[in-house]
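Okay, thanks for squeezing me in. I'd like to walk you through one structure today, so have a look at it first and then we'll go through it piece by piece.

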Amino acid sequence: MTAGEPTGLIIAAPYTTDVSGPRHDRLRQHPTPGPYNSLFPWPDGKHPLRVMVNYVVILVCRISPSLRLKNWLLSRLGVTVGDGVAWGLESTPDVFWPELITVEDHAIIGYDATLLCHEFLQDEYRTGEVVVGERAMVGAGAVVLPGVEIGPGAQVAANSLVADDVPPETTVAGVPAEPLGSDDTATEEP
């Protein structure tokens, strides 16, 4: 490596953040210079009235048992909602940038799952699209980070943290979420 060549790491003592990989390649970085962390200047990135409207609409969606009402209201906020999408009670799309979310046909977003399209850091905030593929399932309490794509037919286990893309027809679990091995490998002896 030569001097001045990017390393894929952001180092801001005492933290080091790896910003390489497909998810990070899709994130848009918004520097926030000044003495405070990136949450303080959030009104420069999104009008406060828009965030308040988003919050109220999402709050109604979180408690509404009607899937049709949820899909209709969320589409009014800019969420791309496919046919037959099911949002569990208390599920939460991003309040700041809901327009960066795409949930394709017949996907399920489980109870209390969260789809984030932003992350506030010390010296910047980042935004990125979240895509949940056709017939994919995001389990209860799972958190999906910005820039993540969950492939068609993929499954995210409950309470998982999805920090990387999930390939189609793959089941992931854990913090961070990792693909689960097949049952065949668990019963084989070395």
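Let's start with one pair of side chains: Arg-62 and Glu-90 make a salt bridge, and their closest N and O atoms sit 2.4 Å apart. Where do Arg-62 and Glu-90 lie? Arg-62 is in helix H3, while Glu-90 is in the loop between strand S5 (86-87) and strand S6 (92-93), so this pair ties together parts that are 28 residues apart in sequence. Now, buried or exposed, what would you call Arg-62? Arg-62 has a relative accessible area of 19%, and the cut-off for buried is under 20%, so Arg-62 counts as buried. Glu-90 has 23%, so that one goes down as partly exposed.

I should say right away that this is a predicted model. The mean pLDDT over the chain is 88, and 85% of the residues get to 70 or more. There are stretches to be careful with, though. Residues 1-16 stay under 50 in pLDDT, and the model has 18 contacts for them beyond four places in sequence. Residues 184-189 are also below 50, and that stretch has 0 contacts in the model beyond near neighbours in sequence.

Back to salt bridges. How many does the structure hold? The count is 7. As a reminder, side chains of opposite charge can pair when their charged atoms come close. Besides the pair I opened with, there's a network that links Arg-23, Glu-119, Glu-124 and Arg-126. Take Arg-126: its side chain meets Glu-119 in a salt bridge at 3.4 Å, N to O. Arg-126 also meets the side chain of Glu-124, this time at 2.7 Å, N to O.

What about burial in that network? Arg-126 has 2% relative accessibility, so it counts as buried. Glu-119 is at 13%, and that counts as buried too. Glu-124 is buried, just as Arg-126 is. And Arg-23 is buried, with a relative accessible area of 6%.

Arg-23 sits in helix H1, residues 22-25. Which residues does Arg-23 touch, leaving out those up to four places away in sequence? Glu-119 is one of them, and the others are Leu-145, Pro-146, Gly-147, Val-148 and Ala-163.

Next, the strand that carries two members of that network. Strand S11 is residues 124-127, and both of its faces are covered. On one side you have Glu-124 and Arg-126, on the other Tyr-125 and Thr-127, and all of these are buried. That fits a general rule: in a regular strand the side chains alternate between the two faces of the sheet.

Which strands pair with S11? Strand S3, residues 28-31, pairs with S11 in the antiparallel sense over 4 bridges. Within that pairing, Gln-29 has Arg-126 as its bridge partner in S11. Strand S10, residues 118-120, is also antiparallel to S11, over 3 bridges. There, Phe-120 is bridged to Tyr-125. S10 and S11 make a hairpin, with 3 residues between them.

There's also an open sheet of 4 strands, and if you trace its order you get S4-S7-S12-S15, with parallel pairing. Strand S4 (80-81) and strand S15 (149-150) are at the edges, each with a single partner strand, so one side of each has no neighbour in the sheet. Looking at S15, 2 bridges join it to strand S12, residues 130-132, and the two run parallel. Across that pairing, Val-132 stands opposite Ile-150 in S15.

Last stop, the surface. Which residues make the nonpolar surface patch of about 550 Å²? They are Tyr-55, Val-56, Leu-59, Val-60, Leu-69 and Trp-72. Helix H3 (48-63) and helix H4 (67-76) each supply at least two residues of that patch. The largest share, 4 residues, comes from H3. Val-60 is one of the patch residues, and Val-60 is found in H3. With a relative accessible area of 37%, Val-60 is partly exposed.

And that takes us back to where I began: Arg-62, the residue paired with Glu-90, lies in H3 as well. That's my tour, so please go ahead with questions.

How values were computed:
Residues numbered from 1 in each chain as written. Predicted model: local features only at pLDDT ≥ 70, side-chain atom pairs only at ≥ 80, totals over all residues. Heavy atoms only, no water. Patch = residues over 30% accessible without salt bridge, like charges linked within 9 Å, V, L, I, M, F, W, Y side chains within 5 Å. Areas by Shrake-Rupley, 256 points an atom, 1.4 Å probe, with all protein chains shown as cover. Salt bridge = Lys/Arg side-chain N within 4 Å of Asp/Glu carboxyl O. Buried < 20%, exposed > 50% of the residue type's maximum accessible area, 1.4 Å probe, protein only. pLDDT = per-residue confidence, 0-100. Contact = heavy atoms within 4.5 Å. Pairing = 2+ DSSP bridges.
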